[in-house]
Amino acid sequence: VTATPNIGYSFVQWVGEDFIDSNSTLALTLNNDSNLSAIFELKNHSLILFDTTGGKTSGSGIYEHGTTAQISALPDDGFRFKEWLGKGISDPYSQTTFIDIDGDKNFTVFFEKTKHQLTVSTTTGGTATGSGTFEYGENVTVRAFPHVGYEFDYWIGLDANESSEFSFILNENKTIEAVFKKITLA
């Protein structure tokens with residue numbers, strides 16, 4: 001006799017009257033009527049999620065064959081979800097997605113730093129540099145250049161605003177303005 005499991009199942013053992021055997025194929029000598037039962041069980045599969053710089057994952061574990069598992073990418077501050085890498089994922093560009101468990105699965109999540117916009121403007125009397133798009137946590141420098149007859153006064157939108165050149169860490173979209181004043185002569 002031979003016990004052949006269906007897809008997603010594994011053979012456990014043969015069970016009969018005063019008889020247990022874990023071999024899937026048996027050669028028996030029958031001297032009288034005998035009842036045997038083949039015992040099968042659902043296979044368990046592992047789902048392993050690998051984290052990368054910028055966040056964590058949830059959903060790793062052991063799942064029964066044929067179930068659907070939910071996986072999620074959880075970005076750290078200053079990062080955003082980019083994509084999943086691995087075979088059998090329903091939507092690799094979705095931060096939370098579902099996996100059909102039909103075997104062992106491995107997926108890696110990728111995050112990227114968020115980008116923030118720095119807008120630098122001026123009042124009458126000069127120009128300023130520093131506008132642009134920067135990655136979260138990047139050190140940026142703004143500079144104010146007064147026209148003839150003007151001098152730099154202060155920055156609107158910066159905590160320390162006395163210097164015409166100032167560096168700071170950009171962690172959000174920010175708008176600042178350089179204020180100039182006319183030079184008064186005695």
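This report describes the fold, cores, strand pairing and selected residue contacts of a predicted model.

**Overall form**

The chain contains 17 strands and zero helices. Its C-alpha atoms fill a box of roughly 125 × 20 × 15 Å along the principal axes. The radius of gyration is 33 Å, whereas a compact globule of 186 residues would have a value near 16 Å. Of the 186 residues, 29% count as buried. Contacts between residues at least 6 apart in sequence include a share of 49% that join residues at least 24 apart. One pair of residues illustrates separation along the chain: T96 and T124 lie 28 residues apart in sequence, and their C-alpha atoms are 50 Å apart in space.

**Nonpolar cores**

In soluble globular proteins, nonpolar side chains tend to be buried together. In this model the largest nonpolar core has 14 residues, and those with the most contacts inside it are L118, V142, W155, F168 and I176. Two or more residues of this core come from each of β11 (115-122), β14 (138-146), β15 (150-156), β16 (165-170) and β17 (174-182). A second core, separate from this one, has 13 residues, including A69, F81, I99 and F107.

I176 shows how the larger core is connected. Beyond its neighbours within four places in sequence, I176 is in contact with L118, T119, V120 and S121, with V142, and with W155, I156, G157 and L158.

**Strand pairing**

The table lists four strand pairs.

| Strands | Sense | Bridges |
|---|---|---|
| β5 (residues 55-58) and β7 | antiparallel | four |
| β7 and β9 | antiparallel | five |
| β12 (residues 126-129) and β14 | antiparallel | four |
| β14 and β16 | antiparallel | six |

Individual bridge partners place these strands against each other. T57 has A73 in β7 as its bridge partner, and Q70 is matched with F98 in β9. In the other group of strands, G126 stands opposite P146 in β14, while N139 stands opposite I169 in β16. Strand β7 therefore appears in two of the listed pairs, with β5 and with β9, under the rule that two strands pair if there are at least two bridges between them. Strand β14 is likewise paired with β12 and with β16.

**Strand β9 and the S72–T96 contact**

Side chains alternate along β9 (residues 96-100). T97 and I99 point to one face and are buried, while T96, F98 and D100 point to the other and are not. I99 is also among the residues of the second core.

T96 belongs to β9. With a relative accessible area of 34%, T96 is partly exposed, as this value falls between the limits of 20% and 50%. Apart from neighbours within four places in sequence, T96 is in contact with Q70, I71 and S72.

S72 lies in strand β7 (residues 68-75). Its relative accessibility is 11%, so S72 counts as buried; the limit for this is under 20%. The side chains of S72 and T96 are joined by a polar contact of 3.1 Å. This contact links a residue of β7 with a residue of β9. Not counting residues up to four places away in sequence, S72 touches K56, T57 and S58, and also W84, Q95 and T96. Of these, T57 is the bridge partner of A73 in β7.

**Aromatic pairs**

The count of aromatic pairs comes to six. One of them is formed by F81 and W84, which is tilted, with 6.1 Å from centre to centre and 50° between the planes. Both of these residues are buried. F81 is included in the second core, and W84 is touched by S72.

The ring centres of F152 and W155 are 5.5 Å apart and their planes lie at 55°, so this pair is also tilted. F152 and W155 are buried, and W155 is one of the residues with the most contacts inside the largest core. W155 is in contact with I176 as well. Elsewhere in the chain, F11, W14 and F40 form one aromatic cluster.

Note on methods
Residues are numbered from 1 along each chain as its sequence is written. This is a predicted model: local features need pLDDT of at least 70, side-chain atom pairs count only at pLDDT 80 or more; totals for chains, interfaces and linings use all residues. Side-chain values use heavy atoms; hydrogens and water are left out. A nonpolar core is a set of buried Ala, Val, Leu, Ile, Met, Phe, Trp, Tyr and Cys residues joined through side-chain atoms within 4.5 Å. Buried means under 20% relative accessible area, exposed over 50%, partly exposed in between (1.4 Å probe, protein chains only). Contact means heavy atoms within 4.5 Å. A polar contact is a pair of N or O atoms within 3.5 Å; within protein, one must be able to donate a hydrogen and the other to accept it, and residues adjacent in sequence count only if both atoms are side-chain atoms. Rings of Phe, Tyr and Trp (its six-membered ring) pair if their centres lie within 6.5 Å; planes under 30 degrees apart count as stacked, over 60 as edge-to-face and the rest as tilted. The radius of gyration is taken over C-alpha atoms; the globule rule is 2.2 Å times the number of residues to the power 0.38.
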